Amino acid sequence: MSRIKGPLSSRSKNRAYIAFIIGAIVYALLIYRLVDIQIIKGEEYTNKQLSQGSEKVDLNSGRGIIYDRNNKPLTDTEKSKVLIIQSEKLSEGYKTMNLIKEATKLEYTDIAKMIEEQMPSSSILIETGYIDNAMKEELEENEIIIEEKTSRYSENGLLSHTIGHLKKSDSSGQMGIEKSMDSILKDSNEQYVSAFKAGDSGNRENLNILKGSITTVKEKENDRHIRLTIDSSIQKKVEEVVDKEENPTAVVISDVDTGEVLSISSRPNFDPNNIYEETIRSQNEKSSIFLNRATNVTYPPGSVFKIVVLYAAFENRVIGNDYTYNCTGKTLVGNDEYLKCHKLDGHGLETLEQAFANSCNTAFYDIANKVGEEKILEAAKALHVSDKIDIGIDEERSAKIPDNIEIRNLAIGQGGIEFTPLQINQLTQIVANNGTYKPLYIYDSIIDNDKNIIKPFKVSKDEEIISPYSITRIKEMMKSVSKEGTAKELSDLPGKCGVKTGTAQSSLNGVEIAHGWITGFYPAENPKYAITVLVEGTDAGNKSAIPIFKEICEKINKK
């Protein structure tokens, strides 16, 4: 049954009338903006641009590219199409605007906004995700240049804390590698279009088919780039894992045999393309998103420090392989104070290997008492865990070691002693390499456009052999941690591993929290990787670092 349409009601007529008025106002404002750009201020803009000799329209950051160990670019990977128009063309009526709109499918308002932001430049850059290929010839005939613009950073934010970010106004490095290597990276790999006020003379000299501009050479002989030791494939796998964790995290992976840093990750992440917005987010969330938690933040090591205590005991011969301890769950540390073990009912009678695998607090208090504070701190220095690694990033922090630490705290890595995850990873590298200290480093070389080495980076510290006998004993005990100790969840890991776990007591906004540590080597035999993971505790809860360690190993193993 059909319905007969009658005349519009008065309410419908009013709605249609209001919609018409609103549409007319919006259209009038748009027309005014375009007229203002093209006609009213056209002469003003033209006069200003004629007072300039030449002007650059940048097509990239003008900085050297940062590559990984396999010459895969870590920056300058995302490219987009842009249109470059001489501003004088915009005062010739609506033909140019209509042509741009048709070719790019952009709205007039978006085009007008980009033009306004760049006036009184003599050349205007229109960024677009789309250009109609069928209209390229028409664009060129109308003296509109089609170029490719390269963004400094990709949207995935890979290695963002370590690479850092730039100052928008002058593209100077403000953080990370960008800041530390600014003198090498700046004024290199420049790509731009130069716009000249004397366009006709440029054409007479056949510099460019388009009036008033010349596209420069996009590579120069003296361009310099930096190659890192980072493996982008491993870095991507690490970031895929930590992105699933809600708590803040830090991960460091190094090559056991060389000391090359293969991956550094810090979470929460930030977008280096939108620093202003990210700064506001950081302030609102109070999340310190710009901190590189792997290198710039120190944490109490907790039971991870028992590696150092055990090394000191071996070196000073205060215990032997026949050492045993009966853990009852607590031990007297003062007149009426007790140090509790994490297993409140006690571990019972333990061998040294079992005490280490169980991370028994009371047993290690007994061992630390036999060694003494001075010898333990000497061991920390000998193992380079108290050293600033100095991988060449300005923000890197040094360890915190108070002048006086009670032995009860030193035994379990508490009491104000703090290290970065990078420092803990250096300790792990030494153990995994049977006592051969290979200083960690992240810079490989300065290279040219053809990836040829201009200058290799030299490690500032010397290699060293550190008591192989004591170290290999600790290495074997770390394997037992993953078999039957505090990280027995790793017992089914393909290739096995050796680790030490830790839970570090701290506080946040007056709330007691605990950071989760795990540091170790993978695989167990002839290890390739030293892997350190930290998961920060928050007022919402504490997390173990073991699941992240396990998944990273599994992903690396699937190369």
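**Entry 1: cysteines**

I take a residue as buried when its relative accessible area is under 20%. With that cut-off I looked up Cys-341 in this predicted model, and at 2% relative accessibility Cys-341 counts as buried. I then asked how many disulfides there are under a limit of 2.5 Å between the sulfur atoms, and the count comes to 0. Cys-341 takes part in no disulfide, the nearest cysteine sulfur being that of Cys-360, at 3.9 Å. Cys-553 is also buried, its relative accessible area being 0%, and since its sulfur lies 5.9 Å from the closest cysteine sulfur, in Cys-497, the separation is too far for a bond.

**Entry 2: confidence and overall make-up**

Before going further I checked the confidence, and found that the chain has an average pLDDT of 88, with 86% of the residues scoring at least 70. Residues 1-6 have a pLDDT below 50, and in the model this stretch makes 0 contacts beyond near neighbours in sequence. Residues 45-52 are likewise below 50, but for this stretch I noted 12 contacts beyond near neighbours in sequence. Where pLDDT is low, the predicted coordinates should not be read in detail, and I leave both stretches there.

For the protein chain as a whole I noted 19 helices and 21 strands, and of its 559 residues 53% are buried. Taking the contacts with a separation of 6 or more, I found that 71% of them are between residues 24 or more positions apart.

**Entry 3: aromatic pairs and charges over rings**

I counted 5 aromatic pairs in the structure, and one of them, between Tyr-299 and Trp-517, is edge-to-face, with the centres 6.3 Å apart and 85° between the planes. What does this pair tie together? Tyr-299 is in the loop between helix H11 (275-285) and helix H12 (306-315), whereas Trp-517 is in strand S20 (residues 511-522), so the pair links parts that are 218 residues apart in sequence. Tyr-299 and Trp-517 are both buried.

I also looked for charged side chains placed over rings. Arg-473 lies over the face of Phe-314, at 3.7 Å from the ring centre, and Lys-475 has its charged end over the ring of Phe-521, 5.7 Å from the centre of that ring.

**Entry 4: nonpolar cores**

In soluble globular proteins, nonpolar side chains tend to be buried together. Here the largest nonpolar core has 85 residues, of which Ile-253, Ile-376 and Val-533 touch the most other members. Helix H12 supplies the largest share of this core, with 8 residues. A second core, separate from the largest one, has 27 residues and includes Val-252, Val-261, Ile-389 and Ile-391.

I followed Val-533 in more detail and set aside its neighbours within four places in sequence. The residues in contact with it include Ala-250 and Val-251, then Gly-516, Trp-517 and Ile-518, and also Ala-545, Ile-548, Phe-549 and Ile-552. Trp-517, a partner of Val-533 here, is the residue that I had already noted in the edge-to-face pair with Tyr-299.

**Entry 5: surroundings of Met-175**

Is Met-175 buried or exposed? Its relative accessibility is 8%, so Met-175 counts as buried, although its place is in a loop, the one between helix H6 (160-163) and helix H7 (176-180). Not counting residues up to four places away in sequence, Met-175 touches His-161, Ile-163, Gly-164, His-165, Phe-270, Phe-290 and Glu-395. The last of these, Glu-395, is 220 residues from Met-175 along the chain, yet their C-alpha atoms are separated by 7.7 Å.

**Entry 6: backbone exceptions**

Most residues other than glycine have a negative phi, and most peptide bonds are trans. I therefore recorded the exceptions that follow, beginning with peptide bonds. Arg-267 and Pro-268 are joined by a cis peptide bond with omega of about 15°, and Pro-268 lies in the loop between strand S10 (261-267) and H11. Another cis peptide bond joins Tyr-522 and Pro-523, with omega of about -10°, and Pro-523 is in the loop between S20 and strand S21 (529-535).

Turning to phi, I found that Asp-187, which is not a glycine, has a positive value of about 55°. Asp-187 is in the loop between helix H8 (182-185) and strand S6 (192-196), and is exposed, with a relative accessible area of 56%. Asn-434, also not a glycine, has a positive phi of about 60°. Asn-434 sits in the loop between helix H17 (421-432) and strand S15 (436-437), and with a relative accessible area of 33% is partly exposed.

Conventions
Residues are numbered from 1 along each chain as its sequence is written. This is a predicted model: local features need pLDDT of at least 70, side-chain atom pairs count only at pLDDT 80 or more; totals for chains, interfaces and linings use all residues. Side-chain values use heavy atoms; hydrogens and water are left out. Buried means under 20% relative accessible area, exposed over 50%, partly exposed in between (1.4 Å probe, protein chains only). Rings of Phe, Tyr and Trp (its six-membered ring) pair if their centres lie within 6.5 Å; planes under 30 degrees apart count as stacked, over 60 as edge-to-face and the rest as tilted. Helices (H or I, at least four residues) and strands (E, at least two) are DSSP runs, numbered from the N terminus. A charge sits over a ring if NZ of Lys or CZ of Arg is within 6 Å of the ring centre and within 35 degrees of the ring normal. A nonpolar core is a set of buried Ala, Val, Leu, Ile, Met, Phe, Trp, Tyr and Cys residues joined through side-chain atoms within 4.5 Å. Contact means heavy atoms within 4.5 Å. pLDDT is the predictor's confidence in each residue, from 0 to 100.
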